[in-house]
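Dear colleague,

I am handing over the structure we spoke about, and below it you will find my notes on what turned up. Please read them with the structure open beside you.

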Amino acid sequence: MNKSVVLVFMFCSILSFSQEKEWTLQECVNHALEHNISIKQSQLDALIAEEDITTAKANFLPTVSGSASQNFNFGSFIGNNGNRISRDSRLNNFGLSTGITIFNGFQNTNLYKQAKLGLKTSQLQLDILKDNISLNVVNAYLNILLNKEALKLAEEQIVVSQKSLDQVQGLVDAGVRAKADLLVSQSQLATDNERLVNAQNSVVLSLLSLSQILQISNDGFDVEDIFIDLNNAVLTYNNTNEILSYALTHRPEIKNAELNLENAAFNIAIAKSSYYPSLTFGAGLGTSYQHIVGQDDVIPIFDQTTGMLIELKPNGFIEQLENNFGYNFGFNLNIPIFSGFKNDANVNKSKINKEKSNLALEQEKQTLTTNVEQAYADAKASLKQYEASNISVIAQDEAFKNEQEKYDLGVSTSFELDQVRNRLINAQSSFLNAKYNFVFKTKVLDFYMGKSLTN
C-alpha cells in the first residue's frame, strides 16, 4: 500500500477519534483547572509571593558592593602626598564596602513573617478560584445532561405525534374522523418539531458554554452521559449545623480573611518599629592610584639630615595601590526623636486597617453562613419540587392513557387528546428540570462540606 495513503488513513482515524471523544466530568474539571488563564495568573501570584520571601530573607544578610572610578584633573589640585600640583593628571579610586542591619525595631523579622503569610494568602486565593471554576464546570456539565434528556424527550414526542398523525390520516381517509382532527394532529406535530429544534439548540449552546469554560474548540466537543438514579432521593443533611461547622473552619474564604487579619497585626508591628532606634554596622576597604601627565610614576627620597635628594623611587600602579590601601569599620546608631507625627499616623492607620480586616472576617463568616443556609433551603425546595413533579408526571401519564382510550373509542377529539398530551410533555419537562436542579443543589452542599464535586 502507498505510504501516503497509509498516512492519510491514520490521520483520518485520529481525527475521527478526537471528534468522537466524550469528555467525562472529571476530565472537564481537570482540564479547566490546568488551562484556565485566571488560575495560571493566580499561580504566578504565588510565585511572586515566594520571591517576596526571598527578598525578606535578604534583609538579614549583609550587603557588599564594590566601586571603581577614574577622574581627570586639569590645572592646580592637591596630590596624594598633600602637595599642590599644577599639572594635568588622572586619578583612580577603588573601594569595597559592606553593611548589615543589627537592629531596626524587629522590622526585618516582621517583614519576613508577613512575606510567608503572603504566600499562604496567594495559595488560598488560588484554592478559592479553583473551587469556583470547578463548581461552574459541574453546573455547565449538568446543564448539558439536562438538555440532552430534554432532546430525547422531544424526539420521542415527534415519533408519537407522527404515529398519531398517520392514524388520524387513515381514519380521515376512511371517513371515520373529520378533517378537523387531521388539522389538529398536523398542528401538534408542528409544535413538537418546534420543541425539537429548541431542544437541539439548547444542547448546542450548553456544549458551547462548557467548551468556552474549558477554553477549547467546540467543534466535535461532547460529554459523556452520566446515569443519575434518584429513585430514593433524600437530603444527606438534616440541618445546616454540620455544614456550617465544617465550612467556617475549613473554607479557604474564611482562612484567607483570618490571614488578612493576621497580616494587619504585622503591619501594626512594622509601623511601631519606627519608634525604636536602629543600629547598623559598616566596613570598607579603599585605595587609589594617581598619575601626573608627562611625568614618570616616581616618588623622591630625601636625606632627613641634609634635605638633599637621594633617589627617585619607583611609584607605579602596584606600588601606589599598596601604599594608599586603607580600611575602616564602624557602627551607626539612629535614634528617632520627632518625625512630625508621621510615625503616630502610620501606627493609627495600621490599627484602623486591622479593625477593617476584623470586620471583613465577620462579614465573610456572615456571607458564608447566608450562602450555606440558602443552599440548604434551595436543596430542600428542589427535593420537594422533584417529588411533586414526579407525582405530576405519573398523574399526567395516567390521564393521557385514559384520554387515549377515550379517543380510540371515539368519545374524545384529537384536540382534547393533544391538550392532555401537552400537559404530560410539560410535566415531563418540569420533572427533568427538577431532577437536575436537585442534583446540582446537593452538589453545592457537598461543595461547602469539602467533598468532591465529580463523584
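**Two loops with an unusual phenylalanine**

Phe106 lies in the loop that runs between strand S4 (89-103) and helix H4. Please keep in mind from the start that this is a predicted model. The phi angle of Phe106 is near 65°, which is a positive value in a residue other than glycine. With a relative accessibility of 48%, Phe106 counts as partly exposed, because the exposed class begins over 50%.

Phe341 is found in another loop, the one between strand S8 (326-334) and helix H9 (342-408). Its phi is also near 65°, again a positive value in a residue other than glycine. Is Phe341 buried or exposed? Phe341 has a relative accessible area of 55% and is therefore exposed, given that the class starts over 50%.

**The overall form**

The protein contains ten helices and eight strands. If its 455 residues formed a compact globule, the radius of gyration would be near 23 Å, but the value for this protein is 42 Å. Taken along the principal axes, the C-alpha atoms fill a box of roughly 155 × 70 × 35 Å. Buried residues make up 34% of the 455 residues. Among the contacts with a separation of 6 or more, 80% are between residues that stand 24 or more positions apart.

**Helix H2 and its buried side**

Which residues of helix H2 (residues 25-35) are buried? They are Leu25, Cys28, Val29, His31 and Ala32. These residues cover an arc of only 165° around the axis, and so they sit on the same side of H2. What they pack against is helix H3 (37-58), helix H4 (107-173) and helix H5 (179-214).

His31 is a good residue to look at in more detail, and you will find it in helix H2. Its relative accessibility is 14%, so His31 counts as buried, the limit for that class being under 20%. When neighbours within four places in sequence are left aside, His31 is in contact with Trp23, Asn36, Leu214 and Ile216.

Thr454, whose place is in the segment after H10, also touches residues of this part of the chain. Leaving aside neighbours within four places in sequence, Thr454 is in contact with Leu25, Gln26, Val29 and Lys443; of these, Leu25 and Val29 are among the buried residues of H2.

**The second largest pocket**

The second largest pocket holds about 350 Å³ of space. It is lined by 23 residues, and the closest to its centre are Ile228, Val439, Thr442, Lys443 and Asn455. H4 and helix H10 (414-448) each supply at least two residues of this lining, and H10 gives the most, with six residues. What kinds of residue make up the lining of the second largest pocket? They divide into 15 nonpolar, four polar and four charged. Lys443 links this pocket to the previous section, as it is one of the residues closest to the pocket centre and is also in contact with Thr454.

**Distances along the chain and in space**

It is worth comparing how far apart residues are in sequence with how far apart they are in the model. Ala265, in helix H7 (residues 252-272), is 92 residues from Ser357 in sequence, while their C-alpha atoms are 9.6 Å apart in space. At 31% relative accessibility, Ala265 counts as partly exposed.

Thr454 and Glu405 are 49 residues apart in sequence, and from C-alpha to C-alpha they are 45 Å apart in space. Asp52, which is found in helix H3, counts as partly exposed at 42% relative accessibility. Its C-alpha atom is separated by 52 Å from that of Tyr386, and the two are 334 residues apart along the chain.

Finally, Asn73 lies in strand S1 (residues 63-73) and counts as partly exposed at 23% relative accessibility. The C-alpha atoms of Asn73 and Asp344 are separated by 50 Å, with their positions 271 residues apart along the chain. Which residues does Asn73 touch, not counting residues up to four places away in sequence? It touches Arg87, Asp88, Ser89 and Leu91.

With best wishes

Definitions and conventions:
Residues numbered from 1 in each chain as written. Predicted model: local features only at pLDDT ≥ 70, side-chain atom pairs only at ≥ 80, totals over all residues. Heavy atoms only, no water. Buried < 20%, exposed > 50% of the residue type's maximum accessible area, 1.4 Å probe, protein only. Helix = DSSP H or I, 4+ residues; strand = E, 2+ residues; numbered from the N terminus. Arc of directions from axis to C-beta. Contact = heavy atoms within 4.5 Å. 1 Å grid on protein atoms, 1.4 Å probe; cavity = no way out; pocket = protein on both sides within 12 Å on 5 of 7 lines; lining within 4 Å. Points joined across faces, edges and corners; volume = space filled by probe spheres on them. Nonpolar A, V, L, I, M, F, W, Y, C, P; charged D, E, K, R; others polar. Rg over C-alpha atoms; globule rule 2.2 N^0.38 Å.
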